[in-house]
Amino acid sequence: MSERKSLPVVADAPADPSRRAFMRTAAAGAAVAALSSCGVEMEDFLRGHFKEFSPDELRHVLAKVERKNLERFGKKTTVSATGPRPGVEFGYGLDLSRCVGCRRCVYACVAENNPSRQSPQIQWIRVMEMDKEHGVDLAHANHYYEADAVPRPGKFYMPVQCQQCRNPPCVKACPTQATWKEKDGIVVIDYDWCIGCRCCMSACPYGARHFNWATPTLPADELNPHQHYLGNRPRPKGVVEKCTFCIQRTREGRYPACVEVCPVGARKFGNLLDPESEIRRVMETKRVFVFKEELATHPQFYYFYAT
Amino acid sequence: MRLDTHALTILAIVAAALASPPPAHAAGGNPAASPAGPTKSTKSEPSPEPANGAKARETAEGPRTPPLIQAEPPPFSEGIFPCSGCHVDPGDRTRRELTFHEDIQKVFDHDSNARWCLDCHDAQNRDVLKLASGETVPFTESYRLCGQCHGDKYRDWRAGVHGKRVGQWDGQKTYFLCVNCHNPHTPGFKGVKEIEVDGKKTTAPTLEMLRPEPRPLRPEEMRRPVAPKASTTAAGGR
Ligand code: SF4
Ligand code: SF4
């Protein structure tokens, strides 16, 4: 049988250095050709991982994002990369006995985090309407409910967003390490490293990840100029995004946008390592559960009943 | 000053349970008088040991005190305050239908079989409220009145679990009052609306329930119309 190599085969022994150098140049050349046709700059493609940036590189990259924002939206923005604080581990509490399902949180999140508005419409929070009779049961959940007034009789509401798992299946599934968990618990995505394979989306048991199937539609006048590199900076087409606990706000000490807008005060946020924080108070005195506990994702997002 | 919510909570509960806090506590510095004795009380002694046994948190910058700011309460109905404008003397104290205040009587739903106006309003001085102990409290501290029956909610509220706070999770916060969300005469939560008082944003309870924001689009509603030869590398790309 004659030897036919229809697929590229990796040689057992390392190829001789000169050949490798040639291959690299050739590959880079091909890449340049391929990339320039889809609008990606070589520099972005070849740069190191976010976690390995030197302060200089980071500054350069942030300035570049700001420049691109200006080109794309004609608006000045500030893009930070504020890191996690030592001694802080974020915890989020959502009071199911209070939520009335008004969806104010959904739209406050949209206004804050610069997702695509229409085609695709991306919303990081999904409020599910469920039957009191059945309890928390996805078989009786509907997030497309419409009503003149909420809460509707016999119903309760369960908003779902990224649960910032301590054991995040999405991170394990990502082939390029474009998504990872930070020290304060926020699971972040570097949109420049995301290749859009959507492995993380299929791995996430909470439907928390959303894909930019087309270039996001985001009117310039709705752009939130206060941005974080790993959070609400505008996304390109073909990348995945999700809730980051409003990283651009919470890393600066502020409450997330959904906490501040909720008209019934159902949403609680704070530092799990601070014994005096509101979230610790919830953990210590209320009936608390995590969603899909049996999957051992160990969320940092807790549902509770205050009454 | 360092605020100790848990210890204050206990004080509050004790105060509510005894329904007769010692007069000294009723003064401005009374920690039970506001969620964390925040804005005015500067001299109340911090308790070293919070009620739940958690150690007082001292950081490098010294004891950490999240400053709490009270949201503006919703305004009184137009032209109704001060009540002493009409109520000059104690008048008839028997429980009855009034010939005035029908807007309140119409909606009154606050254990209405058992209670009426003078259970909370002071008969001698209509410009203040009255606790079960007979102690009077100003309208600005109405949460103390609420707390004497709703002790569990009061306790949660003081810890930031019931009700809402905005601002910094690790610093200055604004807390909302009972009356920002609950109409005292028909306190079951229905809805709230945003209002402005003295140029500051706050909320007021409404008698209507909230209308939900629009539902998300279904996937089939999101498809872009197929434009002939639509550019895929629009300026919006990378
Ligand atoms: S804003 Fe609050 S009450 Fe309304 S849906 Fe969101 S969590 Fe529920
Ligand atoms: S909820 Fe989904 S996206 Fe968020 S950390 Fe968990 S697996 Fe990842």
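A salt bridge here is a side-chain nitrogen of Lys or Arg within 4 Å of a carboxyl oxygen of Asp or Glu. Keep that in mind as we walk through this predicted model, starting where chain B meets chain A.

By that rule, there are 7 salt bridges between chain B and chain A. One to pull up in your viewer is Glu213(B) with Arg104(A), where the closest N and O atoms are 3.6 Å apart. Polar contacts are there too: 25 residue pairs across the interface of chain B and chain A, both partners at pLDDT 80 or more.

Which pieces of chain B do the touching? Helix H1 (5–18), helix H5 (151–159) and strand S6 (165–167) of chain B each put in at least two residues on the side that touches chain A. H5(B) gives the largest share of that side, 4 residues. Sort the side of chain B that touches chain A by class and you get 19 nonpolar, 12 polar and 17 charged residues.

Now zoom out to the whole interface. In total, 48 residues of chain B are in contact with 66 residues of chain A. Putting the two chains together buries about 4,900 Å², with carbon and sulfur atoms giving 50% of that area.

Arg104(A) also leads us to the ligand, as it is one of the residues around ligand 1. Also in that shell are Cys99(A), Val100(A), Gly101(A), Cys102(A), Arg103(A) and Cys105(A). Pro159(A) joins them, along with Cys262(A), Pro263(A), Val264(A) and Arg267(A). By class, the shell around ligand 1 comes to 8 nonpolar, 1 polar and 3 charged residues.

Key. Residues numbered from 1 in each chain as written. Chains lettered and ligands numbered in written order. Predicted model: local features only at pLDDT ≥ 70, side-chain atom pairs only at ≥ 80, totals over all residues. Heavy atoms only, no water. Near = heavy atom within 4 Å. Nonpolar A, V, L, I, M, F, W, Y, C, P; charged D, E, K, R; others polar. Contact = heavy atoms within 4.5 Å. Buried area = accessible area lost by both parts, 1.4 Å probe. Polar contact = N/O pair within 3.5 Å; in protein donor to acceptor, adjacent residues only side chain to side chain.
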